[in-house]
Amino acid sequence: MTVTVRVPAKVNVQLAVGAARADGFHDLANVFLAVGLYDEITVTPADTLRVTCAGPDADKVPLDRTNLAARAALALAERYGRAPDVHIHIAKDIPVAGGMAGGSADGAGALLACDALWGTRASRDELLDICAELGSDVPFSLVGGAALGTGRGEKLTALDVGGTFHWVFAFAQRGLSTPAVFREFDRLGEDTDIPEPVASQPLIDALAKGDPDALAATVTNDLQPAALSLFPELADTLAAGRAAGALAALVSGSGPTTAFLTRDADSATQVAAALHASGTCRSVRTATGPAQGATVG
Ligand code: C5P
């Protein structure tokens, strides 16, 4: 028997970041939107836990037990007192270390796939608990759609989305480490008073209306200065997308993927072509959001 689960990437339309907490994490007001770029996780019974990966970024994916998909299988197996003997194959389309929750997608996908394969029938709340243990963004990868994440991003409140948003994503030549970007955020803010992160009501209203102009006017990412500080060339990619007519241009999460909101599908195609021609990124993709969360297929 084999189970395959498809899991979407995310873009953060708001990422408000508070000061570092005692545990090193940061409190967030994190508005996630799932978008239609997917990793596919397939699990098959095996003699021992094993991870394989295929896709353009496959050589950058760890195949040992640090992989979030392996950790998800281990966590579920431990909870149900069974052996984690499964072959996990990741068909990877989400960029690695890109700020689009690709690793989190693989964790959520492997968890749901193993639950189906093993018949453990964990409740939704149990699955969400395991996801939160695996990482701050993993619960959102399970639920998809749009949601506000508070705490370190793992406490989710679903949000309404009243339409389809058209995005272009520019993948960068190299990755950025999320902890390094948060450290740079701390360094840049060293002598400043960092306010408590608060969700933007105008942004939540723009999502609910499905209004791209209103959303473009309200998107923010507090990690963007830190990502640009570590990867200054991203400013050229952002400028190229703006010049091509994107309504908004921002770094996705901790980066270095850059995200461009456009008015419609035609405009997305134009912005994508211009970004490709600009030579400021490795590759360019279009995708719409919201997308469904992890789904057994
Ligand atoms: O939760 P996750 O393991 O995905 O987080 C990766 C790293 O990102 C953490 O080790 C931490 O350095 C940083 N982080 C943070 N505050 C958050 C989420 C992540 O500082 N709310």
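**Ligand shell and selected residues**

User: Which helix holds Leu134?
Analyst: Helices (H or I, at least four residues) and strands (E, at least two) are DSSP runs, numbered from the N terminus. Leu134 has its place within residues 124-134, and that run is helix H3.

User: What kind of model is this?
Analyst: Residues are numbered from 1 along each chain as its sequence is written, and side-chain values use heavy atoms, with hydrogens and water left out. Local features need pLDDT of at least 70, side-chain atom pairs count only at pLDDT 80 or more, and totals for chains, interfaces and linings use all residues: this is a predicted model.

User: Why does Leu134 count as buried?
Analyst: Buried means under 20% relative accessible area, exposed over 50%, and partly exposed in between (1.4 Å probe, protein chains only). Leu134 counts as buried because its relative accessibility is 9%.

User: How far apart in space are Leu134 and Thr157?
Analyst: Along the sequence, Leu134 and Thr157 are 23 residues apart. From C-alpha to C-alpha, the distance between Leu134 and Thr157 is 19 Å.

User: Now the ligand. Which residues surround it?
Analyst: A residue is near a molecule if one of its heavy atoms lies within 4 Å of it. The ligand is surrounded by Gly24, Phe25, His26, Leu28, Gly135, Ser136, Arg152, Thr178, Pro179 and Phe182.

User: How many residues of this shell are charged?
Analyst: Ala, Val, Leu, Ile, Met, Phe, Trp, Tyr, Cys and Pro count as nonpolar, Asp, Glu, Lys and Arg as charged, and the others, Gly among them, as polar. The shell has four nonpolar residues and five polar ones. The number of charged residues in the shell is one.

User: Which residue gives a polar backbone atom 2.9 Å from a nitrogen atom of the ligand?
Analyst: A polar contact is a pair of N or O atoms within 3.5 Å; within protein, one must be able to donate a hydrogen and the other to accept it, and residues adjacent in sequence count only if both atoms are side-chain atoms. Two side chains also offer an N or O atom to a ligand oxygen: His26 at 2.7 Å, and Ser136 at 2.6 Å. The backbone partner of the ligand nitrogen is Arg152.

User: How much of the ligand's accessible area does the protein cover?
Analyst: Accessible areas come from the Shrake-Rupley method with a 1.4 Å probe; for residues, only the protein chains shown count as cover. On its own, the ligand has 450 Å² of accessible area. The share that the protein covers is 73%.

User: Which element gives the most to the shell around the ligand?
Analyst: Strand S2 (26-45) and helix H5 (178-188) are the elements that give two or more residues each. With three residues, the element that gives the most is H5.

User: Where is Pro256, and is it buried or exposed?
Analyst: Pro256 sits in the loop between strand S9 (248-251) and strand S10 (258-262). Its relative accessible area is 2%, so Pro256 is buried.

User: What is omega for the cis peptide bond that joins Gly255 and Pro256?
Analyst: A second cis peptide bond runs from Gly289 to Pro290, with omega near 5°. Pro290 is in the loop between strand S11 (283-289) and strand S12 (295-296). For the bond that joins Gly255 and Pro256, omega is about 5°.

User: What is phi of Ala101?
Analyst: Ala101 lies in the loop between S4 and H2. Ala97 is in the loop between strand S4 (86-91) and helix H2 (102-118), and has a positive phi of about 50° although it is not a glycine. Ala101 is not glycine either, and its phi is positive, near 65°.

User: Why does Ala97 count as partly exposed?
Analyst: Ala101 is buried, at 9% relative accessibility. Ala97 counts as partly exposed because its relative accessibility is 41%.

User: How far apart in space are Val296 and Val7?
Analyst: Val296 is in strand S12. In sequence, Val296 and Val7 are 289 residues apart. C-alpha to C-alpha, their distance in space is 9.0 Å.
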